[in-house]
Amino acid sequence: MSIPFAVEELLEAKEGEGIQFKEAKTRFDSNEAARCCCALSNCGGGKLVFGITDKRPRQVVGSTAFEQPERTRMGLIDKLKVMVDFHLYDYSGKRILVFDVASRPLGMPVQVDGIAWWYEGDSLIPMPEAVRRRIYEESGADFSSKICEQAVLADLDEAAIDTFRKKWIEKSGNHRLDSLSIEQLLHDCAAIVDNGITYAALVLFGKKEALNKYLPQAEVIFEYRSSSASGPANYREEFRMGFFACYNRLWDLINLRNDKQHYQEGFFIYDIPTFNERVVREVILNAISHRNYQLGGSVFIRQYQDRLVVESPGGFPHGISLDNILDRQLPRNRRISEILSLCGLVERSGQGMNLVYELSIKEAKQLPDFTGTDDNFVCITLNGVILDANMLAVINRIGDERLENLSTGDFLIINALFHETKLAENLRPNLKRLEAMGIVEHIGRSKYILSHSLYAAVGKSGVYTRKVGLDRDTNKELLLKHIRKNGSVGTQFKELCQVLPGQTHNQIQVLLRELRNENRIYCVGKTKGARWFALDGKNRSE
């Protein structure tokens, strides 16, 4: 029997950090698979193989694990935030499933549920601290992990720490954390280390007096402005305290003036807030995690009636730009980001901006606007007004089950096709999968539109028909009608092209050939001088 080359390579490969074999004849735990893929990514990327024994000589036993590998793949991508692909092979009727896992991003370990997994030989273990430090050093020093020499434990706010403790227990389910001393708890999350208090601890838990003394720029200023006019704000509140002492207050202030927008579909009326809580929290967390604490200046949150502007000192981290902001993970303050991730505030470690984009599209709002961002500041504007209520109907028609399987790129495609804006080239590989899901349709060599069912959901079937073009039979009837109208004079090909301006010459020639084969028309002459006549007993000229 001929063995597929890819399978032959697998059978001969050495198991180790780059490839792991699992028999998994009938099933395999999805959480364990995520941990394996996490470790593979942290070790430089590799393959997780199901259906082949790990001991030599290797045998193909076949596996029925993960019967819907595409769904598993999307779940892994959502957990790991790195690219995962899969391949299926058939070997004598036995199924082999291979997940290909990309390497971790520069300077950032991949984590699953707050733990960066690692392979030591064939053993799956939490990443050693020495390895973690080497990875962090790839992208430069992390200011938030540095020690503030003068700070002591008494400079930290116990109430803020208690808030963090409760959130960490809620996220992890580990109630043992409730019995830890404050010092041990902060050691466990690396906010403090053996040689002192980190700047991350001050940013997240510091008392006002300590921040005044050691890090006065760790400040958030909230303003409400009823108009864009310059001058004093209508309301202003300053927060120079640990973030865990004020993050709920910040949302309460924003929500105090958070108008509802009403959207009706059929008999149901939906209320959509101008400012989505998850989006707002993600943007604020992004500012806390990524601002440059070595620069003066505060984080500003300016709320207007229809938009929210968040400005933070320091441009994008090195290697991050508007072109790759949804694809790369490179937090400027890794220690802060990791602590926020432990307690679930940063649920999608390093990928909060993806959530902001997805929720903006789901609520039919404008995408985040980075106008004003430069080398010294990041400025992000959230426009809260619904652009087109029909987009909400499209999202509802797609349905929760399909939406759960969409990537950020998929949402961007749907948004671009709905608003008829240019589709980024890097998103085009996603189109085939969306077509298979029935969300988009292919109507030309490189042209796609939303499916007919989505246009029908917003009462725009006519627009769909115009975009797709009339169906084949209708196009043939239009050609025949025009030929009949010209009677014994006949009709030249160039005139028929004017009847169907949306069709190419080849497409019209195919339609004419079909009409002739159906004995409905005939042609006299050749080349450009040829004329077409109806063959229905009414206009026959011969």
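**Close-up views of a predicted model**

**View 1. Helix 11 and its buried residues.** In helix 11, the buried residues are Arg-334, Arg-335, Ile-336, Ser-337, Glu-338, Ile-339, Leu-340, Ser-341 and Leu-342. Keep in mind that what you're looking at is a predicted model. Why is helix 11 described as largely enclosed by the rest of the structure? It's because 9 of the 9 residues of helix 11 are buried. Buried here means a relative accessible area under 20%. Just past the helix, look for Gly-344: helix 11 is followed by this glycine, and its phi is positive, near 85°. When you trace the helix, a handy rule helps: an α-helix has 3.6 residues a turn, so residues three or four places apart point the same way.

**View 2. Asn-324 in the loop before helix 11.** Now step back along the chain to the loop between strand 14 (307-313) and helix 11 (334-342), where Asn-324 sits. Is Asn-324 buried or exposed? Its relative accessibility is 13%, so Asn-324 counts as buried. Zoom in on the side chain of Asn-324 and you'll find that it reaches the backbone nitrogen of Ser-321 at 2.8 Å.

**View 3. Phe-268 and a nonpolar surface patch.** Here's a residue to set beside Asn-324: Phe-268 is exposed, because its relative accessible area is 56% and the cut-off for exposed is over 50%. You can find Phe-268 in strand 12, which covers residues 268-273. Together, Phe-267, Phe-268 and Tyr-270 make a nonpolar surface patch of about 430 Å².

**View 4. The hairpin of strands 3 and 4.** Strand 3 (residues 84-91) and strand 4 (residues 94-101) pair up in the antiparallel sense, with 8 bridges between them. The two strands form a hairpin, and 2 residues lie between them. Check out Ser-92 in the turn, which has a positive phi of about 55°. Which residue of strand 4 is the bridge partner of Tyr-91? That's Lys-94.

**View 5. An open sheet of three strands.** In this view, 3 strands make an open sheet with antiparallel pairing, in the order 18-20-19. Strand 18 (491-492) and strand 19 (521-524) stand at the edges with a single partner strand each, so one side of each has no neighbour in the sheet. Strand 18 is joined to strand 20 (residues 531-534) by 2 bridges, and this pair runs antiparallel. To get your bearings, find Thr-491, which stands opposite Trp-532 in strand 20.

Conventions:
Residues are numbered from 1 along each chain as its sequence is written. This is a predicted model: local features need pLDDT of at least 70, side-chain atom pairs count only at pLDDT 80 or more; totals for chains, interfaces and linings use all residues. Side-chain values use heavy atoms; hydrogens and water are left out. Patches are made of residues with over 30% relative accessible area and no salt bridge: like charges are joined within 9 Å, nonpolar side chains (Val, Leu, Ile, Met, Phe, Trp, Tyr) within 5 Å. Accessible areas come from the Shrake-Rupley method with a 1.4 Å probe; for residues, only the protein chains shown count as cover. A salt bridge is a side-chain nitrogen of Lys or Arg within 4 Å of a carboxyl oxygen of Asp or Glu. Helices (H or I, at least four residues) and strands (E, at least two) are DSSP runs, numbered from the N terminus. Buried means under 20% relative accessible area, exposed over 50%, partly exposed in between (1.4 Å probe, protein chains only). A polar contact is a pair of N or O atoms within 3.5 Å; within protein, one must be able to donate a hydrogen and the other to accept it, and residues adjacent in sequence count only if both atoms are side-chain atoms. Two strands pair if DSSP finds at least two bridges between them.
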